[in-house]
Amino acid sequence: AQIKSLHVQSGTSELRASGNLRDFHEPKLDLAYVATIDFRRIAELTNTPELRAGTLQLNGDATWAAASFTSKGKLAIRNFIYDDGDVHLVNVSAGADFTATNEKLTLPHIFASILGGTVTGDAEVLHWMSAAPEISTKRVRTGTAVSQQQAGVARLRMHDLLTPSVAAAISRRDLPLDRIGLVGTINGTADGRWKGSINDVLVDVAADFSPPSNAPSDRTPVTGTLRGLYYRRPEKLEVSNFDLSLRATRVAGSGVVGITSIFRDGSLNVVMNSTDLNEWKPILVAFGENREIPLHLSGRATFTGNIAGQLRAPIITGRMQIVDFDSLFVRQGSTPSGRFVSPSGEPSPPPRPRRMHWDQLTANLQYSPSLLALHDAVLKHGDAQVNFDVNIALRKWNYTQNNAMPASRTCSP
């Protein structure tokens, strides 16, 4: 029997097909079809509200029989928007060839326009039609239920992703990476695999950061590499090695980074060297600290230590050293709002900071959203030396007047 035209529509989703039904004793249906599916409808049916917008179009041929199904064709994704609260993707377009059977879905040629660049690769999913991907069952001839877990692999290649677009995609209110002004491109690989559920995906990430040829002075170019394993559940990044450089700063290390509040046991060992602390000002401003850095560095600042806890609220501890620098002091006289006033109470421009030169500062540092502490600190100027400990209470990284709580201080010539 010939099926000349089949048209099914629900809202903005529709299916158009034509084909033949053969052998009524053992029916077999051959169809050529074009299907357009709204991702909002997919979100409703699969209870995945993260799928915010976009369309999926399938164009192919399919054959159905009593115990088998095969289909082959092309798929296209347009104007896709995804937002799960941690990752935000907008205006994604993608395409791929596909081959599907009862047991396996294969995507041999994936291409996506995303994050200002492109992603290519391939993927394969076994038992992809399982209604419950965590554990599914099927009957064999003996009538015994055999456990079948969904299992998938994806091999993706990243080409010239824009660093600011990537930063914006993973930014949140308490992790404002999009406000730091990072620029550059990212190339590399992301090879994922999972069993049971794609929510348990493990991704082997290798990313190379390249700066633009001419970065604006108010932007922060990034150069370097990152190698690690990303775990979706619990969400964490196990970094085997990272080595990133700005114009005058280099940071390297390895360890585990907790990305959300679910995973709290992050521990990242880092080594940092910088010849310009002002490079850190955009980072401090992004996290709400708008004050000027009270140091002018002529030499070098180094830090060797550990970043523990969550990426959103890290605890930084280690040994710091600053060589050949000036501390900048501003006289008291500002109002709680930060405006300076004259002795008569009239507003006045802020005074020029007073400089004091130091040869070296070394200390054990502890820095978190609620505390800045220097212990066993030694400050040197010529033959003079100051030994001190100090604790400064912070509120969400911010310092306010009268928060300093010095524990002890000793001086020696």
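A residue counts as buried when its relative accessible area is under 20%. With that cut-off in hand, the tour of this predicted model can begin at Phe69.

**Phe69 and Trp64**

Select Phe69 first. Its relative accessibility is 13%, so Phe69 is buried. Next, add Trp64, which at 36% relative accessibility counts as partly exposed.

**The aromatic pairs**

The structure contains 2 aromatic pairs. For one of them, display Phe39 and Phe80: the ring centres are 4.8 Å apart and the planes meet at 55°, a tilted arrangement. This pair bridges distant parts of the chain, since Phe39 belongs to helix α1 (residues 39-46) and Phe80 to strand β5 (residues 69-83), 41 residues apart. Phe39 and Phe80 are both buried. Return now to Trp64 and Phe69, whose ring centres are 5.3 Å apart with the planes at 40°, so this pair is tilted.

**From helix α1 to Asn47**

Move to Asn47, in the loop between α1 and β4 (51-65). Its phi is near 55°, a positive value in a residue other than glycine. Is Asn47 buried or exposed? Its relative accessibility is 67%, so Asn47 counts as exposed.

**Leu115**

Go on to the loop between β7 (104-114) and β8 (117-126), where Leu115 is found. The phi of Leu115 is near 55°, again a positive value in a residue other than glycine. With 22% relative accessibility, Leu115 is classed as partly exposed.

**The loop between β16 and β17**

Select Pro234, which lies in the loop between β16 (223-231) and β17 (236-245). The peptide bond joining Arg233 to Pro234 is cis, with omega at about -5°. Then show the side chains of Tyr231 and Lys236: the charged end of Lys236 sits over the ring of Tyr231, 4.7 Å from the ring centre.

**The largest nonpolar core**

Which residues have the most contacts inside the largest nonpolar core? They are Met320, Leu361 and Leu374, within a core of 69 residues. Centre the view on Met320 and display its contacts. Beyond its neighbours within four places in sequence, Met320 touches Thr302, Phe303, Leu361, Thr362, Ala363, Leu365 and Leu374. Leu361 and Leu374 therefore appear both among the contacts of Met320 and among the core residues with the most contacts. In soluble globular proteins, nonpolar side chains tend to be buried together.

**Colouring by confidence**

Colour the model by pLDDT. The mean over the protein is 86, and 84% of the residues score at least 70. Among the elements, strand β11 (residues 151-162) has the highest mean pLDDT, at 98, and strand β9 (residues 136-139) the lowest, at 41. Select residues 131-146 next: pLDDT is below 50 there, and the stretch has 25 contacts in the model beyond near neighbours in sequence. A further selection is residues 333-338, where pLDDT stays under 50 and the model has 7 contacts beyond four places in sequence. Where pLDDT is low, the predicted coordinates should not be read in detail.

**The whole protein**

Finally, zoom out to the full chain. The protein has 3 helices and 27 strands. Of its 413 residues, 35% count as buried. Among contacts between residues at least 6 apart in sequence, 47% join residues at least 24 apart. The accessible surface comes to about 24,000 Å², and 56% of that surface belongs to carbon and sulfur atoms.

Conventions:
Residues are numbered from 1 along each chain as its sequence is written. This is a predicted model: local features need pLDDT of at least 70, side-chain atom pairs count only at pLDDT 80 or more; totals for chains, interfaces and linings use all residues. Side-chain values use heavy atoms; hydrogens and water are left out. Rings of Phe, Tyr and Trp (its six-membered ring) pair if their centres lie within 6.5 Å; planes under 30 degrees apart count as stacked, over 60 as edge-to-face and the rest as tilted. Helices (H or I, at least four residues) and strands (E, at least two) are DSSP runs, numbered from the N terminus. Buried means under 20% relative accessible area, exposed over 50%, partly exposed in between (1.4 Å probe, protein chains only). A charge sits over a ring if NZ of Lys or CZ of Arg is within 6 Å of the ring centre and within 35 degrees of the ring normal. A nonpolar core is a set of buried Ala, Val, Leu, Ile, Met, Phe, Trp, Tyr and Cys residues joined through side-chain atoms within 4.5 Å. Contact means heavy atoms within 4.5 Å. pLDDT is the predictor's confidence in each residue, from 0 to 100. Accessible areas come from the Shrake-Rupley method with a 1.4 Å probe; for residues, only the protein chains shown count as cover.
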